[in-house]
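Open your viewer and keep the selection box at hand. We will go from stop to stop, and at each one you will hear what to select and what is there.

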Amino acid sequence: MSAIQRTFLFTAVGTALTLFAFGCSEQSDAPAPPKPAERAPAPPPEEAPAKAPDTVPAEDAMAEADVATGKADYELYCASCHGKTGAGDGPLGQVLNPKPAHHNDGAYMNPLTYEHLFKVIKFGGASVGKSPTMAPLGLSDQQIHNVIAFIRTLADPPYQP
Ligand code: HEC
């Protein structure tokens, strides 16, 4: 046992005894003892956490979609590739192969389910067998919900829920 480990053990036992002495009501005020893992990092888990739960929240679990916020986020995060009007003509999109999806193409977009769109935006194209250049951009679930509502307004022919 190294000196560091001994110190840690001593601190942990000391903390435990202090907690015991002060009773359970004091527990929440006591500082948490350092985790052993911080000293000797465990080997990384097999799968990266972002990939593991490819589940999407139910559409009706979200607050009502805000199309205007969705439009602002779309222009910020998506238009560089997909173009402001969803025509797939963003400057960055020009150099990609395959080309970004045309969000204004109703014939293609309208049959795609909410769940599918959510998954692509949250976990990236690769999660649905599409190009990994469609990367997960770290939007919150509510932001994604809003962006989907905005994308639906771009479709021609119009999207019918
Ligand atoms: C770096 C460029 C890039 C950015 C930024 C980007 N996308 Fe994409 N997106 C792509 C490409 C490329 C594809 C086509 C992938 C394919 O067909 O394999 C795609 C496809 C899609 C699709 C269609 C999926 C399907 O099933 O065909 C959706 C929906 C989508 N993107 C939404 C978004 C949204 C929303 C944002 C912003 C939050 C965004 N994308 C940002 C490049 C991008």
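Start by selecting Pro 98, which sits in the loop between H3 and helix H4 (106–109). The peptide bond joining Asn 97 to Pro 98 is cis, with omega at about 5°. Next pick Pro 157, in the segment after H6; a cis peptide bond, again with omega of about 5°, links Asp 156 to Pro 157. As background, most peptide bonds are trans, and most residues other than glycine have a negative phi.

Before you go further, note that this is a predicted model, in which local features need pLDDT of at least 70, side-chain atom pairs count only at pLDDT 80 or more, and totals for chains, interfaces and linings use all residues. Numbering starts from 1 along each chain as its sequence is written.

Now zoom out and color by secondary structure. The protein has six helices and zero strands; helices (H or I, at least four residues) and strands (E, at least two) are DSSP runs, numbered from the N terminus. Of the 161 residues in the protein, 20% are buried. Here a residue is buried if 20 or more other C-beta atoms lie within 10 Å of its own, exposed if 12 or fewer, and partly exposed in between, with C-beta atoms placed from the backbone.

Stay with the segment after H6 and select Gln 160, which is located there. Is Gln 160 buried or exposed? Gln 160 is exposed, because 8 other C-beta atoms lie within 10 Å. Add Asn 110 to the selection: Gln 160 and Asn 110 are 50 residues apart in sequence, yet their C-alpha atoms are 7.7 Å apart in space.

Next, select helix H5 (114–123). Its buried residues are Leu 117, Phe 118, Lys 119, Val 120, Ile 121 and Lys 122, and the buried residues of H5 pack against helix H6 (141–154). Click on Phe 118: leaving out residues up to four places away in sequence, Phe 118 touches Val 56, Ile 144 and Ile 148. Touching here means contact, with C-beta atoms, placed from the backbone, within 7 Å. Just past the end of H5, Gly 124 has a positive phi of about 95°.

Phe 118 also leads you to the largest nonpolar core, which has 17 residues. Those with the most contacts inside this core are Leu 117, Phe 118, Ile 121, Val 147, Ile 148 and Ile 151. H3, H5 and H6 each supply at least two of its residues, and H6 gives the most, with seven. A nonpolar core is a set of buried Ala, Val, Leu, Ile, Met, Phe, Trp, Tyr and Cys residues joined through C-beta atoms within 7 Å.

Keep H6 and add helix H2 (residues 67–77). The axes of H2 and H6, lines fitted to C-alpha atoms over the stretch in contact, come within 7 Å and cross at roughly 90°. That makes H2 roughly perpendicular to H6, a term for angles of 65 to 115 degrees. Among the residues that meet are Lys 71 and Tyr 74 in H2, and Asn 146 and Phe 150 in H6.

Finally, show the ligand. Which residues are closest to the ligand? Of the 24 that surround the ligand, the closest are Cys 78, Cys 81, Lys 130, Ser 131 and Met 134; a residue counts as near if its C-beta atom, placed from the backbone, lies within 6 Å. Helix H3 (79–82) and H5 are the elements giving two or more residues to this shell.

Key: Two residues are in contact if their C-beta atoms, placed from the backbone, lie within 7 Å. Axes are lines fitted to C-alpha atoms, for helices over the stretch in contact, and angles run from 0 to 180 degrees between N-to-C directions. Angles under 35 degrees count as roughly parallel, over 145 as roughly antiparallel, 65 to 115 as roughly perpendicular and the rest as oblique.
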